[in-house]
Amino acid sequence: MGVNIKTIAEMAGVSVSTVSKIMNNYSDVSDKTKQRVWEIIHQTGYSPTSSAKTLASKKSSLIGVIFAGELNVEFTHPFFVEVLNAFKKQMGMLGYDLIFFSNEKMFSGGDYYARCRHFQVDGCVIISGENMEPAIRELDLSDIPCIGVDLELTGGKSGYVMSDNAQIAAKVVEHFYLLGHRDLGFIGSTADSEISQQREAGYAKAITGFGLTPQPEWFVHGDDFFEHSGYAAMSRLLERGSLPRAVFAASDLLALGAIRALRERGLRVPEDVAIAGCDDIEASRYTTPALTTVRQNKERLGVLAAHMLYDLINGQSEGGSYVVEPALVVRESCGSGALG
């Protein structure tokens, strides 16, 4: 029969809870008892399993990863892949592993909170998606530490990190304005997407700030942040008979779809319509023309999310939020002119 924590306790003449305390560096055990228990552990070669460690410390060192929403971005969106990679690397350095929760079918009719409790996760990172399920808000308001990425969480043990979406939009409008573009359009994700709404509102506000008037007929929406939606949205703009001189797409993939729709109708970018995107995914620098975009600091978002979640788990903070400054990346898709 193998050695377990009960065996160690019997051999040392102490309780199982005392062995657990010693294994987890509690201070309320005498040095003499600690020494005796550690000698027995070394003599027997006992190595506690992760489940035993979890029972002893009430911590699993597991972080739940949730892609929120009915129309979720999952692993196919380059922006979130880069953020998650940075998050995973930093959490690994802090001693945690990740467990991914599917939202395609709720497990045993339960919700996120029940599933998190089932797997005894220490905390969760929640990636923004579309058409968020109510279970996300329930988890946000629970006692499980949560950090949202591009998703504002407001619970007592929650926080979030996101890019400054108003600044993203303002940088694009300023760039268009300095290039001499005055008729400005917008392509967003679904009309009820929080991120798309923030970028659209910031865009309209920045246009007004230059004394121009946003034209509602040039503001269109797709079904998500992907290329096919950008293609469909630009196709609708083309069918309306009048085109804006420049269009800001709320993601690089939307922008790439819009460029494809323009090309298929014989229109040139940037000569006929200037296009700018958002995210600075790797593909944006290799398109023809190379895409002007707004870079979100994906690595910083992931690393900040990891540190903020770690502090929440360990009682070193009470939540909070951090907004990361974006940067305009000027390439070829908007043309050149008065800027210089």
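**Exercise 1. Pairing in the four-stranded sheet**

Task: Identify the bridge partner of Val247 in S9, and then describe the sheet to which these strands belong.

Solution.
Step 1. In this predicted model, Val247 has Ile275 as its bridge partner in S9.
Step 2. The two strands concerned, S8 (residues 246-249) and S9, run parallel and are joined by three bridges.
Step 3. The sheet is open and consists of four strands in the order S7-S6-S8-S9, with parallel pairing.
Step 4. At its edges stand S7 (219-221) and S9 (274-276); each has a single partner strand, so one side of each lacks a neighbour in the sheet.
Step 5. From one strand to the next, the twist averages 20°.

**Exercise 2. Strand S6 and its neighbours**

Task: Determine which strands pair with S6, over how many bridges, and whether the residues of S6 are buried or exposed.

Solution.
Step 1. S6 pairs with S8 in the parallel sense over four bridges; within this pairing, Phe186 stands opposite Phe248.
Step 2. S6 also pairs with S7 in the parallel sense, over three bridges, and here Ile187 stands opposite Val220.
Step 3. In a regular strand, side chains alternate between the two faces of the sheet.
Step 4. From S6, Leu184, Phe186 and Gly188 point one way, whereas Gly185 and Ile187 point the other way.
Step 5. Five of the five residues of S6 are buried, and the strand is thus described as mostly covered.

**Exercise 3. Helices on the four-stranded sheet**

Task: State which strands are touched by H9 and across which strands H11 lies.

Solution.
Step 1. H9 (residues 194-209) packs on the sheet and touches S6 (184-188), S7 and S8.
Step 2. The direction of H9 makes about 170° with that of S6.
Step 3. H11 (residues 252-264) lies across S6, S8 and S9, and runs at about 160° to S9.

**Exercise 4. The six-stranded sheet**

Task: Give the strand order of the six-stranded sheet, name its edge strands, and state which helix lies across S1, S3, S4, S5 and S11.

Solution.
Step 1. The order is S2-S1-S3-S4-S5-S11 in an open sheet with parallel pairing.
Step 2. S2 (97-101) and S11 (320-324) are the edge strands, each pairing on one side only.
Step 3. The twist averages 20° between one strand and the next.
Step 4. S1 (residues 62-67) pairs with S2 in the parallel sense over five bridges; Ile66 stands opposite Phe101 in S2.
Step 5. The helix lying across S1, S3 (123-127), S4 (146-149), S5 (158-163) and S11 is H12, which runs at about 170° to S5.

**Exercise 5. The packing of H5 and H12**

Task: Describe the crossing of H5 and H12 and the character of the residues in their contact.

Solution.
Step 1. Two packed helices are described by the angle between their axes and the distance between the axes.
Step 2. The axes of H5 (residues 78-93) and H12 (residues 298-313) come within 7 Å and cross at roughly 40°.
Step 3. This angle makes H5 oblique to H12.
Step 4. The crossing of H5 and H12 is right-handed.
Step 5. H5 contributes Phe79, Glu82, Val83, Ala86, Phe87, Gln90 and Met91 to the contact; the residues from H12 include Leu301, Val303, Ala305, Ala306 and Leu309.
Step 6. The residues of this contact divide into ten nonpolar, three polar and three charged.

**Exercise 6. Unusual backbone geometry**

Task: Locate the cis peptide bonds Val269-Pro270 and Thr288-Pro289, and contrast the surroundings of Gln120 and Asp150.

Solution.
Step 1. Most residues other than glycine have a negative phi, and most peptide bonds are trans.
Step 2. The cis bond between Val269 and Pro270 has an omega of about 10°; Pro270 lies in the loop between H11 and S9.
Step 3. The cis bond between Thr288 and Pro289 has an omega of about -5°, and Pro289 is found in the loop between S9 and S10 (293-295).
Step 4. Gln120, not a glycine, has a positive phi of about 55°, and its place is in the loop between H6 (112-118) and S3.
Step 5. Asp150 has a positive phi near 60° and is placed in the loop between S4 and S5.
Step 6. Gln120 counts as partly exposed at 42% relative accessibility, whereas Asp150 counts as buried at 3%.

Conventions:
Residues numbered from 1 in each chain as written. Predicted model: local features only at pLDDT ≥ 70, side-chain atom pairs only at ≥ 80, totals over all residues. Heavy atoms only, no water. Axes fitted to C-alpha atoms, helices over the stretch in contact; angles between N-to-C directions. Parallel < 35°, antiparallel > 145°, perpendicular 65-115°, else oblique. Left-handed = near helix turned anticlockwise from the far one by under 90°. Contact = heavy atoms within 4.5 Å. Nonpolar A, V, L, I, M, F, W, Y, C, P; charged D, E, K, R; others polar. Pairing = 2+ DSSP bridges. Buried < 20%, exposed > 50% of the residue type's maximum accessible area, 1.4 Å probe, protein only.
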